[in-house]
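Visitor: Please take one part of this model and go through it closely. I would like to know what surrounds it and how it fits into the rest.

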Amino acid sequence: MEDKQQPRHIATPVKPRLIIHGGAGNITPEKLGPEKYEQYRRALLTIVSKGDAYMRTPVALDENASPYYSARKYPSALDVATYAVTLLENNPLFNSGHGAVFTRDGINELESSVMVSRGYAKRGVGLTGLRRVKNPILLAKAMLEHGDRDLGKKAESGSAYPDLESAGLDVPSAQGHTLIHGETAETLAKMYGLELVDPKYFFTQHRWDEHVRALEKEKAGKGLATWSAEEYLPQGTCGAVALDTDGVVCVGTSTGGMTNKLTGRIGDTPVVGAGFWAEEWTEKGDSRGISFGLAIDGWHNLRTHLNLPGPVIQLSSNLRNLIADCLPTPFAYSPIAHPTSRRSSGPINRDSQTSRSIALSGTGNGDSFLRVAAARTVGSIARWGQLSAADALREVAGRGGNLEKSAGDRWGKTGEGEGGMIGIESVISRDASGRVVSASARILQDHNCGGMFRAWIDDDGKAVMRIFHPDSKQEGRNGLDVFECEDRSEDIWRWSVDKA
C-alpha cells in the first residue's frame, strides 16, 4: 500500500509573555493597609496591561521594506521588558527612578541592568551610582544594543563626542565592559542621547520621611536604619521579564537600592547572576513530552553536556539507585524516564532540537542575593539538576530556601535573606528545517518574605496581580479582605489606559 503524504503544518507560534515586580520584603496587610493596597493593585495592573498592549502592537515597517512584505513584526523581549520597567521607574510608588529611596546621606543613587537569552554580544550589562539618568533602564538597554559594535572594533583613542565634557574622563564608548559606575555611566547616557535630570527629580516626600524616620530610630537605639520589623522599608527592586515571538527571553531591573544604604554601596541589581539572569541552551529531540512539573533526568543532562551518544554501560535500576545515593545532584537518578511524546506511543523525534530558556529578576535584600549568586543559581539548578525552573526557584527564593538560610540566625531580625524572584521559562522545539513544532512557556514567581508586588499576563491573556502568598489566610483591617483581589483575572483593555 502506498503511504499517504503527511500534510504540511503551519509553524507553531511562540506566544509572548510578560511578568513584572515592584519590590519585596516584610510586607503585611497591617503594614500596607487597604488604601495603599489599592494603590499598588491599580498601578501593577495598569503597568502590566500597558506592557501587554505594547507587546501586541505591530512595529511600523521600515520605509525601505518591500510593499509586498506582509509579515508583521512585534516588539522584541528587550523592548517590552525595558518599556515595562520605565513605567515602574516613572511611578513614585516603586523603588526605582522617581520613587527611589535615599542613602544615609540623603542622596538618590540608582542602579539598572538588562540581559537577554540570545541576540546580543554582551548578553547582560549593569550600571551603578547613577544620580541624573531619568530612566536608568534605558541606559542599560542602550549599552547592550551598542555592545555589538563596541566588541566588534578596537578601542578608540579620544572621545567620539568631543563636545561632551566630563571632568576630563576619556569615555569613547562602553568598550567591552559589562558593569559601569557613576560619572562614566552618565557620560555614556549623554552619548546615547538619553534624558538627564536634576537630582531633585528623584525626590519624593514619602521616601524622605522613611529615610529620616529610620535614621532617628537607629539613633535612638530602636533598630536598623535599613530595615524595620514595624514597617516596610523598601530594599527591593523593580523588574520585568518578557518572552517574544522569536523565543527570546529578556530581564530588565532597576532600583534605588536599600533604604539608608551607604552612599556608594552596590547591590545585586547591576551584578550579572546575582539579581538577574537569562540564558538559553539546546537539547536533542522535541519537547512534546516535557512537562514543567516533571523532574529532568540528570544522567541524560550529563551525557548531553559531554556529547555522548548514550550510556557507555547500561546499569540496572537497582545499581543506578545505589550509585545515585552516593553522587551529587547532577548525577542523581530520576525515576522518570527521558520524556517521550504524550501524543504518540513512539519515541520523541531525534531530528528535532529543543531550546530551553529562562530569565529571572530578583528583588529583596541585595547583599543576600550577591552572597548566593541567587539568579544564576536558579538557572544552574534548572539546567543541570533534576528540578523544573519553578522548583529550582523555590529552592533558592522560596520559604526555607538558599536565600533564607544565608541569613542564619539573623533571619527576621535584619532583613537579610528576604526577597523573591519572578521569571519566565520557555521550551521551544524545531524540526530539521527550523520550523517551530511546539512551544510552551511558564510564568515563574516565588518569595520567602511577607509579600512581593507582582503582576503578569496569564495563559488566557488576562492581567493578574498578587502581593501575598497564595496560601495566606490573614485578613485586612477596617472590614476589608485585602486578598479579595489576589489572583483575580482582569481584562487588559480595562487597565491599558491611565488609572494609577
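Guide: Strands β5 and β6 form a hairpin with five residues between them, and in that turn Gly 247 has a positive phi of about 85°. Strands here are DSSP runs of E of at least two residues, and helices are runs of H or I of at least four, numbered from the N terminus. This is a predicted model, in which local features need pLDDT of at least 70 and side-chain atom pairs count only at pLDDT 80 or more, while totals for chains, interfaces and linings use all residues. Residues are numbered from 1 along each chain as its sequence is written, and side-chain values use heavy atoms, with hydrogens and water left out.

Strand β5 covers residues 238-243 and runs antiparallel to β6, joined to it by six bridges; two strands count as paired if DSSP finds at least two bridges between them. Cys 238 stands opposite Ser 254 of β6. Strand β2 (residues 110-116) also pairs with β6 in the antiparallel sense, over six bridges, and Glu 111 has Thr 255 as its bridge partner in β6.

In strand β6 (residues 249-255), seven of seven residues are buried, meaning under 20% relative accessible area, with exposed over 50% and partly exposed in between (1.4 Å probe, protein chains only). In a regular strand the side chains alternate between the two faces of the sheet. Val 249, Val 251, Thr 253 and Thr 255 point one way from β6, and Cys 250, Gly 252 and Ser 254 point the other way.

The hairpin belongs to an open, mixed sheet of eight strands in the order β4-β3-β2-β6-β5-β1-β11-β12. Its edge strands are β4 (179-181) and β12 (463-466), each pairing on one side only. From one strand to the next the twist averages 10°; axes are lines fitted to C-alpha atoms, for helices over the stretch in contact, and angles run from 0 to 180 degrees between N-to-C directions. On the β5 side, β1 (residues 17-25) pairs antiparallel with β5 over six bridges, and Ile 19 has Val 241 as its bridge partner there.

Helix α3 (residues 136-152) lies across β2, β3 (124-130), β4 and β6, at about 40° to β2.

After β6, the loop between β6 and β7 (276-284) holds Gly 264. Gly 264 counts as partly exposed because its relative accessibility is 39%. Its C-alpha atom is separated by 10.0 Å from that of Ile 107, 157 residues apart along the chain.

How values were computed:
Contact means heavy atoms within 4.5 Å.
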